[in-house]
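Thanks for coming. I will take a few minutes to walk through one structure, and you can follow along on the screen.

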Number of protein chains: 2
Amino acid sequence: MDKKKTLQGRLINAPVVERSAQPGARRAFLRGLAGASAALASGGAAAGFTPGEPLPVPDSMKRLGKPVAAQPYSQPSPHEANVVRRQSPGLTRTNESSIAFTPLQNLFGIITPSGLHFERDHAGVPDVDPHQHLLALHGLVARPKRYTMEDILRMPSVSRVHFLECGANTGMEWGNAAVPTVQFTHGMLSCAEYTGVLLSTLLEDVGFDAKRARYLLAEGADGAALTRTIPLAMALDDAIVVYGQNGEMLRPENGYPLRLFVPGVQGVSSVKWLRRIEVGDQPWHTREETLHYSDLLPDGKSRQFTWIQEAKSVITSPSGGMTLLDKGGYYEITGLAWSGRGSIKRVDVSVDGGRNWKTATLQTPVLPKALTRFRFDWVWDGSPALLQSRCIDATGYVQPSIKQLREVRGTRSIYHNNAVQTWQVLASGEVRNVQV
Amino acid sequence: MDKKKTLQGRLINAPVVERSAQPGARRAFLRGLAGASAALASGGAAAGFTPGEPLPVPDSMKRLGKPVAAQPYSQPSPHEANVVRRQSPGLTRTNESSIAFTPLQNLFGIITPSGLHFERDHAGVPDVDPHQHLLALHGLVARPKRYTMEDILRMPSVSRVHFLECGANTGMEWGNAAVPTVQFTHGMLSCAEYTGVLLSTLLEDVGFDAKRARYLLAEGADGAALTRTIPLAMALDDAIVVYGQNGEMLRPENGYPLRLFVPGVQGVSSVKWLRRIEVGDQPWHTREETLHYSDLLPDGKSRQFTWIQEAKSVITSPSGGMTLLDKGGYYEITGLAWSGRGSIKRVDVSVDGGRNWKTATLQTPVLPKALTRFRFDWVWDGSPALLQSRCIDATGYVQPSIKQLREVRGTRSIYHNNAVQTWQVLASGEVRNVQV
């Protein structure tokens, strides 16, 4: 493995897919780095040097660099080529109906750069010409209309930071600890500043029938014609017809030029490449809300229409696939918490598998239905540890353990697994996905 | 001009550099689009259609799209190829000591995507190997140290949303209305979620001499060896040694792998490719704080060390280079406000050159030393208009008019122009940069 590709943000976090390549070389290199650093908690990190000793002048100071705007739209450093979205090997049968996972282990703060936002397509990414694209609003409305993108872009807008999580996120963990890294356990999760027109503004513009209307149908312009039912109350609350993501137009794989965004609700409801919204008086029971995205319960019944993504959290560092090299060293435990019901109130961290809990620091501002970054100071004593996080949202709901969740939901579900995640730190420093 | 490149986010905002190419064709196209839309304020936008009339099925629904993660690190739509950073023609003599401006007219919300963050280099962009890079802390400290990137990445971190503005932003406007678009009047301005280690944490780690220390020197590892003096109080307040920007590692042109970030202070102080911080007892008076980044006053004296970027705002849409096509139509006036002293308290908008002011809506959360997005509903009556925004920050400071600013600062400065910007809307709908 190329040495230059191992520094991915923090600690030592080569995803397992690449870890097997030349583990020896990588480990040796990383131990070398670690040898140069004493622990912050035990007297300060970094190597000392003698006052007056001349600092070496790096080659980069001896010449001109690349000209300004060499890339009119800039790109990450080639040294970060390892920080990418990944498909889970063997998870899906085709690449058009598949998933690209966000590398949560490499990310900081709460904003997911759009280049690393997770992607779930049902029939691949269509090329939608924004000059031809139309959004139709029809059904139980007084004035059915078709909007061009220019129409939409001229309307009153809002921008809000929200998380987006696929209902199937962490779905592989129902039975046992199935995948090695947080990219694959929790990487169908991203967060961005979204901009668009409130769906309520459009519904007022077409004059929806307030007496009869109860549900909407949203349809995408992709080959799957993906359709989902949305309750009218959610649509009128805070749903947004979105064109902007992190300041710029949506990326193609996230719905360019227009998508629905239903904050706090499983991702499939935020229909991409949005082409029509129909107002009706009952749910449609489409393919994606009957065959899929329903929850198989222990008694064999299937629960339909789980809208909200309940409160959930995960430690992103240290996490599976990383190696802690410095026994007795300081480590910042950090991760993400979120709730489809509103804001995160508190996150607790345990390093002993849930016997003792301490409260983590939350990064402000804490925003409703957005990722919240938490941080926790930890000095690893070199003995095996079980790292967990557990969040509580503004409604008082406490994130369940996998045991608690299985008691209600069984082990054969795919969707809506919001259980506490456990990362085991071995005496060797290796971190792996376990269930306790 | 290619039709597909005209839709850039909102309204009609082809930058002037491309506007002259085939203005006739572009205008005809845009008028065509506008003809299909009635004004929202006058009864609703968009074209109606008959209930029951079948919706045309776009080609994108008849086939599979591109596979998931076709790009492991995704890119903007090819339809958005016009939304890029740009150099102002003729502004600088070389491309290594130059500026790439952010296309503010195309952006939404407050987050600037890192691909469009402005860039100011003094000797081009160096290629810094993160595995070789060292940050030295020395001078009046008890324990001088050299930190590797691994050392820095393991330390306690913070993430904060802050604006960054070059001290020379809007510098071309001191004498008269010099450039045609908001990209070139105000585009040395961006905003991101930055992650790193508080500089105060590092200073504590090396044990700075609290009795003698008054200033720091920060130096970059580029060919310019860019150096700036930072007052110790600012360093201990909220300065951050940053490695993360919008969730991922810094882009090369913004200091990869490590930069200083001094919130609220002109950009040059946030030294990129940071290689050393020296603690001292007086300012260094380096090249970039004597020859440059000083303010020439009317009496011929030059004012050194203007740290803070004072409160400032600008309307980004409609703005210079756009054309309003729909007389009597609804337009959302929107823009950005920011202050190096803290939060924005209020933004007022005038459509008559400052005779009457009304208060705009601020997008929440309003964060200290961050961009704040404001929005204002406007129905254009088709007559000429003069659009202005004026902000007030939490200290009560009111953004000055260009007339007020010139009375104190004269007309020959380059730096620290925070005057109210005026966009003139002609009866033809064309918008241009003027001073009143």
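**Where the two chains meet**

I will start at a place where the chains share a sheet. Strand 5 of chain A and strand 1 of chain B, residues 47-48, run antiparallel and are joined by two bridges. Within strand 1 of chain B, the residue standing opposite R146(A) is A47(B). Before going further, please keep in mind that this is a predicted model.

Now the contact between the chains as a whole. How many residues of chain B are in contact with chain A? The count is 109 residues of chain B, in contact with 109 residues of chain A. On the chain B side, helix 3, residues 149-154, gives the largest share, with five residues. By type, that side of chain B divides into 52 nonpolar, 28 polar and 29 charged residues.

How are the two copies related? A turn of 180° with a shift of 0.0 Å along the axis lays chain B on chain A, with an RMSD of 0.0 Å. The two copies are therefore related as by a two-fold rotation axis. The copies also meet through the same surface, because 99% of the interface residues of chain B are interface residues in chain A as well.

Next, a sheet with strands from both chains. It is an open sheet of six strands with mixed pairing, in the order 1(A)-5(B)-4(B)-13(B)-8(B)-9(B). Which strands stand at the edges? They are strand 1 (47-48) of chain A and strand 9 (227-231) of chain B; each has a single partner strand, so one side of each is left without a neighbour in the sheet. Inside this order, strand 8 of chain B, residues 215-220, runs antiparallel to strand 13 of chain B, residues 274-280, and six bridges join the two. One of the pairs puts L217(B) against E278(B) in strand 13 of chain B.

**Strand 10 of chain B**

Staying in chain B, please look at strand 10, residues 240-245. Is this strand enclosed or open? Six of its six residues are buried, so strand 10 of chain B is largely enclosed by the rest of the structure.

Strand 10 of chain B has several pairings. With strand 7 of chain B, residues 189-198, the pairing is antiparallel over five bridges, and V197(B) has V241(B) as its bridge partner. With strand 12 of chain B, residues 259-261, the pairing is again antiparallel, over three bridges. There, I240(B) is partnered by F261(B).

Strand 11 of chain B, residues 248-249, is also antiparallel to strand 10 of chain B, with two bridges joining them. G244(B) has its bridge partner in M249(B) of strand 11. These two strands form a hairpin with two residues between the strands, and N246(B) in that hairpin takes a positive phi near 50°.

**Two helices**

First, helix 5 of chain A, residues 199-206. Its buried residues include L199(A), L202(A), L203(A), D205(A) and V206(A). Viewed down the helix axis, the buried residues of helix 5 of chain A fall within an arc of 155°, so they line one face of the helix. What covers them? The cover includes strand 4 (134-139), strand 5 (145-148), strand 7 (189-198), helix 6 (232-237) and strand 10 (240-245), each of chain A. After helix 5 of chain A comes G207(A), with a positive phi near 65°.

The second is helix 7 of chain B, residues 402-409, where I402(B), L405(B) and R409(B) are buried. These residues cover an arc of only 65° around the axis, which puts them on the same side of helix 7 of chain B. As a reminder, an α-helix has 3.6 residues a turn, so residues three or four places apart point the same way. The face turned away from the buried side of helix 7 of chain B carries K403(B), E407(B) and V408(B), which are exposed. Strand 14 (295-296) of chain B is included in what covers the buried residues of this helix. Helix 7 of chain B is followed by G410(B), whose phi is positive, near 75°.

**Domains of chain A**

Last, the domains. The domain assignment divides out domain 1 (115-303) and domain 2 (312-434) in chain A. Their C-alpha centres lie 28 Å apart. Between them, 26 residues of domain 1 of chain A are in contact with 25 residues of domain 2 of chain A. On the domain 1 side, strand 6 (158-165), helix 4 (182-186) and strand 14 (295-296) of chain A each supply at least two residues. That side of domain 1 of chain A divides into 15 nonpolar, nine polar and two charged residues.

How values were computed. Residues are numbered from 1 along each chain as its sequence is written. Chains are lettered from A and ligands numbered from 1 in the order in which they are written. This is a predicted model: local features need pLDDT of at least 70, side-chain atom pairs count only at pLDDT 80 or more; totals for chains, interfaces and linings use all residues. Domain bounds come from an automatic or database domain assignment. Two residues are in contact if their C-beta atoms, placed from the backbone, lie within 7 Å. Helices (H or I, at least four residues) and strands (E, at least two) are DSSP runs, numbered from the N terminus. Ala, Val, Leu, Ile, Met, Phe, Trp, Tyr, Cys and Pro count as nonpolar, Asp, Glu, Lys and Arg as charged, and the others, Gly among them, as polar. Copies are superposed by least squares on the C-alpha atoms of residues with pLDDT of at least 70 in both. A residue is buried if 20 or more other C-beta atoms lie within 10 Å of its own, exposed if 12 or fewer, and partly exposed in between; C-beta atoms are placed from the backbone. The arc is that of the directions from the helix axis to the C-beta atoms. Two strands pair if DSSP finds at least two bridges between them.
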